[in-house]
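Student: Could you take me on a close look at the nonpolar core of this protein? I would like to see how that part fits in with everything around it.

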Amino acid sequence: MELWDVYDKHGNFTGAVKTSGDIIHEGEYQLAASAWIINPEGKLLIQKRAAVKKTNPNTWNITGGMVRSGEDSRHGCIREVREEIGIKLDIKKIELLYRAFGKDMIFDDYVIILDFPLSDAVLQADEVSEIKWASIDEIKEHYNNGEFMFTDITKLDDVGAYIGEHIHKG
């Protein structure tokens, strides 16, 4: 059983710790972290969730997951990427892009520019069935077809702005 820290509505650690599967009460939040991995062409790495996943199987998403107790979101993000797709991120190169709040979740999404061949990835079979580089337009198309896990599609605008500022094309 994995342990996770409980946060308040402001994102502050409350001192409480819960076990996976515990009831989340009103005003309690669990922390999740994900990575927008961008290649030098401005494409984003997305992954298809495994068919065996309880929630949203066979849907596209970015790489990430739940932050463990005692772990900050940056380290949780790096761990999740390494576990799910076998890629090691440099802690000095990932940046927090935004923090978003859901009903009982806090989502810290990081961004990093990284180039690697997809063949270097090692997929965790019970988490990920496929990965690919996709444009923002392709991700929007997946979302519009109900094939992309997103709580707030407008956050894709933040990713697009980051790409515009950091990727030098031509």
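**The core and its surroundings**

Tutor: Happy to, and let's start right inside. The largest nonpolar core has 23 residues, and the ones that touch the most other members are Ile 37, Leu 45, Val 81, Ile 85, Ile 87 and Leu 89. Where in the chain does this core come from? At least two residues each are supplied by β3 (30–38), α1 (73–85), β8 (105–113) and β9 (128–134). Please keep in mind that you are looking at a predicted model.

Pick out Ile 87 and see what surrounds it. Setting aside neighbours within four places in sequence, Ile 87 is in contact with Val 81, Arg 82, Leu 114, Phe 116, Asp 120 and Ala 121. A second core, separate from the largest one, has 19 residues, including Trp 60, Ala 134, Phe 150 and Val 159.

Now step back to the whole chain. The protein has three helices and nine strands. Read from the N terminus, the order is β-β-β-β-β-β-α-β-β-β-α-α. Contacts tell you how the chain comes back to itself: among those with a separation of 6 or more, 60% join residues 24 or more positions apart.

How does the overall size agree with a compact globule? For 170 residues, such a globule would have a radius of gyration near 15 Å, and the protein has 16 Å, so the two agree. Along the principal axes, the C-alpha atoms fill a box of roughly 50 × 35 × 30 Å. Of the 170 residues, 43% are buried. On the outside, the protein exposes about 9200 Å², with carbon and sulfur atoms supplying 48% of that area. The side chains include 20 positive and 30 negative ones, and the centres of these two sets lie 1 Å apart.

Let's visit a few single residues, beginning with Trp 4 in strand β1 (residues 3–7). Is Trp 4 buried or exposed? The cut-off for buried is under 20% relative accessible area, and Trp 4 has 3%, so it is buried. Beyond the neighbours within four places in sequence, Trp 4 is in contact with Ala 16, Val 17, Lys 18, Thr 19, Ser 20, Ile 24, Tyr 29, Gln 30, Val 67, Arg 68 and Ser 69. You can also follow the distance from Trp 4 to Ala 32: these residues are 28 apart along the chain, and their C-alpha atoms are separated by 10.0 Å.

For contrast, look at Lys 88, which lies in the loop between α1 and β7 (95–101). Exposed means over 50% relative accessible area, and Lys 88 has 70%, so it counts as exposed. From Lys 88 to Glu 130 there are 42 residues along the chain and 18 Å between the C-alpha atoms.

The loop between β4 (44–49) and β5 (60–61) is a good place to linger, and Asn 56 is one of its residues. Ala 51 is found in the loop between β4 and β5 too, and its relative accessibility of 52% makes it exposed. Leaving out residues up to four places away in sequence, Ala 51 touches Pro 57 and Asn 58. Ala 51 and Asp 126 are 75 residues apart in sequence, yet their C-alpha atoms are 8.1 Å apart in space.

What is notable about the backbone of Asn 56? Its phi is near 50 degrees, a positive value in a residue other than glycine. Asn 56 is partly exposed, because its relative accessible area is 37%. Asn 58, found in the loop between β4 and β5, has a positive phi of about 60 degrees although it is not a glycine. With 42% relative accessibility, Asn 58 counts as partly exposed.

Our last stop is Asp 137, in helix α2 (residues 136–144). Asp 137 counts as exposed, because its relative accessibility is 56%. Asp 137 and Glu 147 are 10 residues apart along the chain, and 13 Å separates their C-alpha atoms.

To tie the tour together, set Ile 87, one of the core residues that touch the most other members, beside Lys 88, which is exposed at 70%. Then compare the places of Trp 4, buried at 3%, and Asp 137, exposed at 56%, as you turn the model on your screen.

Key
Residues numbered from 1 in each chain as written. Predicted model: local features only at pLDDT ≥ 70, side-chain atom pairs only at ≥ 80, totals over all residues. Heavy atoms only, no water. Helix = DSSP H or I, 4+ residues; strand = E, 2+ residues; numbered from the N terminus. Rg over C-alpha atoms; globule rule 2.2 N^0.38 Å. Buried < 20%, exposed > 50% of the residue type's maximum accessible area, 1.4 Å probe, protein only. Contact = heavy atoms within 4.5 Å. Areas by Shrake-Rupley, 256 points an atom, 1.4 Å probe, with all protein chains shown as cover. Lys, Arg positive; Asp, Glu negative; His and termini not counted. Charge placed at Lys NZ, Arg CZ, Asp CG, Glu CD. Core = buried A, V, L, I, M, F, W, Y, C linked by side-chain atoms within 4.5 Å.
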